[in-house]
Amino acid sequence: MAKPVSIEVWNPNGKYRVISTKSMPGTRWINLLIQNDCRLEICTEKKTILSVEDIIALIGDKCDGVIGQLTEDWGEELFSALSRAGGKAFSNMAVGYNNVNVDAANKYGVAVGNTPGVLTETTAELAASLSLAAARRIVEADEFMRAGLYDGWLPHLFVGNLLKGQTVGVIGAGRIGSAYARMMVEGFKMNLIYFDLYQSTRLEKFVTGMFLPTYGAFLKANGETPVTWKRASSMDEVLQEADIISLHPVLDKTTYHLVNKERLAKMKKEAILINCSRGPVIDEAALVEHLKENPLFRVGLDVFEDEPYMKPGLAELKNAIVVPHIASASKWTREGMATLAALNVLGKIKGYPVWFDPNRVEPFLNENAQPPAAIPSIVNAKALGLPSSKL
Ligand SMILES: NC(=O)c1ccc[n+]([C@@H]2O[C@H](COP(=O)([O-])OP(=O)(O)OC[C@H]3O[C@@H](n4cnc5c(N)ncnc54)[C@H](O)[C@@H]3O)[C@@H](O)[C@H]2O)c1
Ligand SMILES: O=C(O)[C@H](O)CO
């Protein structure tokens with residue numbers, strides 16, 4: 001018998017029972033659910049990561065939909081429990097869904113939602129922050145100040161890397177990778193090289209059409225060197241040429257340990273590596289060894305291979321900056337993620353069609369208007385044969 005799990009209940013007489021495994025920022029998501037006849041139960045357990053058993057206890061005998069978190073293991077057991085309870089809707093409060101076994105969801109006919117777009121700029125800004133912090137050794141310098149070690153300006157004190165004129169490499173130039181690339185090119189006049197399995201028209205449109213010709217002319221007129229860009233034909237080309245490399249692919253079989261010992265060895269000795277995607281994209285044990293052997297190589301990590309843990313040795317290294325998976329943590333974004341996750345579940349319960357473009361979810365985020373009668377983003381819509389909304 002599973003232990004009962006503590007909950008907070010909203011709109012107890014609502015027709016549809018919806019569970020949120022965590023409290024989420026903002027109140028719009030709560031209001032949208034209760035205004036649409038949902039009884040909302042929010043798990044208030046103190047522990048951060050719920051087990052499969054905890055979530056089965058939350059689902060109970062009747063449950064129409066669940067909003068879950070990327071820390072949870074959504075596989076066969078949970079989807080069969082949800083299906084037994086009559087539920088056909090699940091949404092991660094995240095764009096990444098590597099914690100979800102989509103085949104198992106398909107088997108039980110459960111729609112799987114995610115939250116694209118609303119976190120693109122916020123996540124790219126954190127990658128840019130880590131890039132600057134690593135290049136200019138901000139965390140080390142902060143620790144030095146607080147330790148009372150500063151006794152006057154010195155020519156060699158915390159000398160780092162200048163970004164202007166260097167090359168930024170982006171691996172995985174989707175929504176977030178492209179936004180980060182734009183920030184680094186536009187903001188710091190860096191040259192760009194990117195690698196993705198597909199041509200990133202989103203990024204190329206920006207650099208070729210809207211930005212670089214006029215910006216290049218402007219720089220030239222001011223006696224500066226115009227920035228350049230290219231799509232690499234292999235990931236190794238990026239590793240060899242770039243001074244800063246930021247990882248933004250999805251985590252799947254093709255990207256597990258994408259950056260390993262051999263690939264680290266291909267990077268410049270003074271390169272900077274940023275990871276705001278998923279921890280297992282880097283072989284973290286190999287990274288620790290590389291950082292030890294190459295003190296001028298620096299990393300900025302938001303995600304870790306065995307979250308919430310770090311591989312032994314990482315925490316002691318001065319050339320590593322580590323933050324606890326906060327890349328999407330701006331108020332606007334987290335409230336928007338909660339809204340999209342709730343609307344994914346609500347829309348499926350209501351039988352709405354799936355929104356025509358998961359890259360354009362703004363209409364769902366307008367607080368002054370009713371959201372469209374559509375489901376913002378369902379990753380297995382095709383497999384389940386769900387109808388799509390037209391504009
Ligand atoms: N740290 C955080 O808090 C945080 C926040 C948001 C997203 N993320 C992670 O970032 C990922 C990307 O999000 P997005 O919205 O930009 O997704 P996206 O789908 O727009 O972009 C992912 C890109 O990765 C590319 N890709 C896939 N396999 C590849 C490979 N083997 N080599 C090179 N490129 C490859 C895809 O073609 C795509 O362009 C998410 O899946 C999530 O895991 C993390
Ligand atoms: O995939 C995601 O959305 C993040 O990791 C959480 O913001």
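**Glu 41, the salt bridges and two ligand sites**

Setting aside residues up to four places away in sequence, Glu 41 touches Ile 7, Glu 8, Val 9, Arg 17, Val 18, Ile 19 and Ser 20. The model examined here is a predicted one. Within it, Glu 41 belongs to strand β3, which spans residues 38–43. Is Glu 41 buried or exposed? Its relative accessibility is 4%, so Glu 41 counts as buried, the cut-off for that class being under 20%. The side chain of Glu 41 also has a polar partner, since a contact of 2.7 Å joins it to the side chain of Arg 39. Arg 17, one of the residues that Glu 41 touches, comes into the picture again here: Arg 17, Arg 39 and Glu 41 are linked in a network of salt bridges.

Side chains of opposite charge can pair when their charged atoms come close. How many salt bridges does a search of the whole structure find? The search returns 18, and three further pairs are described here in turn.

In one of them, Lys 107 and Glu 76 meet through their side chains, with an N to O distance of 2.8 Å. This pair links distant parts of the chain, as Lys 107 lies in helix α4 (residues 102–107) and Glu 76 in helix α3 (residues 76–84), 31 residues apart. Lys 107 counts as exposed because its relative accessibility is 55%, while Glu 76, at 35%, counts as partly exposed.

Another salt bridge is formed by Lys 318 and Glu 143, whose closest N and O atoms are 3.9 Å apart. Lys 318 sits in the loop between β12 (298–301) and β13 (320–322), and Glu 143 in helix α6 (residues 138–146), so this salt bridge ties together parts that are 175 residues apart in sequence. Lys 318 has a relative accessible area of 56% and is therefore exposed; Glu 143 has a relative accessibility of 43% and counts as partly exposed.

The pair Glu 335 and Lys 331 lies within one element: both residues are in helix α12 (residues 331–350), 4 residues apart, or about one turn of the helix. The closest N and O atoms of this salt bridge are 3.0 Å apart. Lys 331 counts as exposed, with a relative accessibility of 63%.

Attention now turns to the ligands. Which residues are the closest to ligand 1? Of the 26 residues that surround ligand 1, the closest are Arg 175, Ile 176, Asp 196, Cys 276 and Asp 302. A polar side-chain atom of Asp 196 lies 2.6 Å from an oxygen atom of ligand 1, and a polar backbone atom of Ile 176 is 2.9 Å from an oxygen atom of this ligand. His 325 also takes part, with a polar side-chain atom 3.3 Å from an oxygen atom of ligand 1. On its own, ligand 1 has 870 Å² of accessible area, and the protein covers 89% of it. The surrounding shell divides into 12 nonpolar, 10 polar and 4 charged residues.

Around ligand 2 are Leu 70, Ala 94, Val 95, Gly 96, Leu 119, Arg 278, His 325, Ser 328 and Met 337. This shell consists of 5 nonpolar, 3 polar and 1 charged residues. Oxygen atoms of ligand 2 lie 2.5 Å from a polar side-chain atom of Ser 328, 2.6 Å from a polar side-chain atom of Arg 278 and 2.7 Å from a backbone N or O atom of Val 95. The protein covers 89% of the 230 Å² of accessible area that ligand 2 has on its own. His 325 thus appears at both sites, as a residue around ligand 2 and as a polar neighbour of ligand 1.

How values were computed. Residues numbered from 1 in each chain as written. Chains lettered and ligands numbered in written order. Predicted model: local features only at pLDDT ≥ 70, side-chain atom pairs only at ≥ 80, totals over all residues. Heavy atoms only, no water. Near = heavy atom within 4 Å. Polar contact = N/O pair within 3.5 Å; in protein donor to acceptor, adjacent residues only side chain to side chain. Areas by Shrake-Rupley, 256 points an atom, 1.4 Å probe, with all protein chains shown as cover. Nonpolar A, V, L, I, M, F, W, Y, C, P; charged D, E, K, R; others polar. Helix = DSSP H or I, 4+ residues; strand = E, 2+ residues; numbered from the N terminus. Buried < 20%, exposed > 50% of the residue type's maximum accessible area, 1.4 Å probe, protein only. Contact = heavy atoms within 4.5 Å. Salt bridge = Lys/Arg side-chain N within 4 Å of Asp/Glu carboxyl O.
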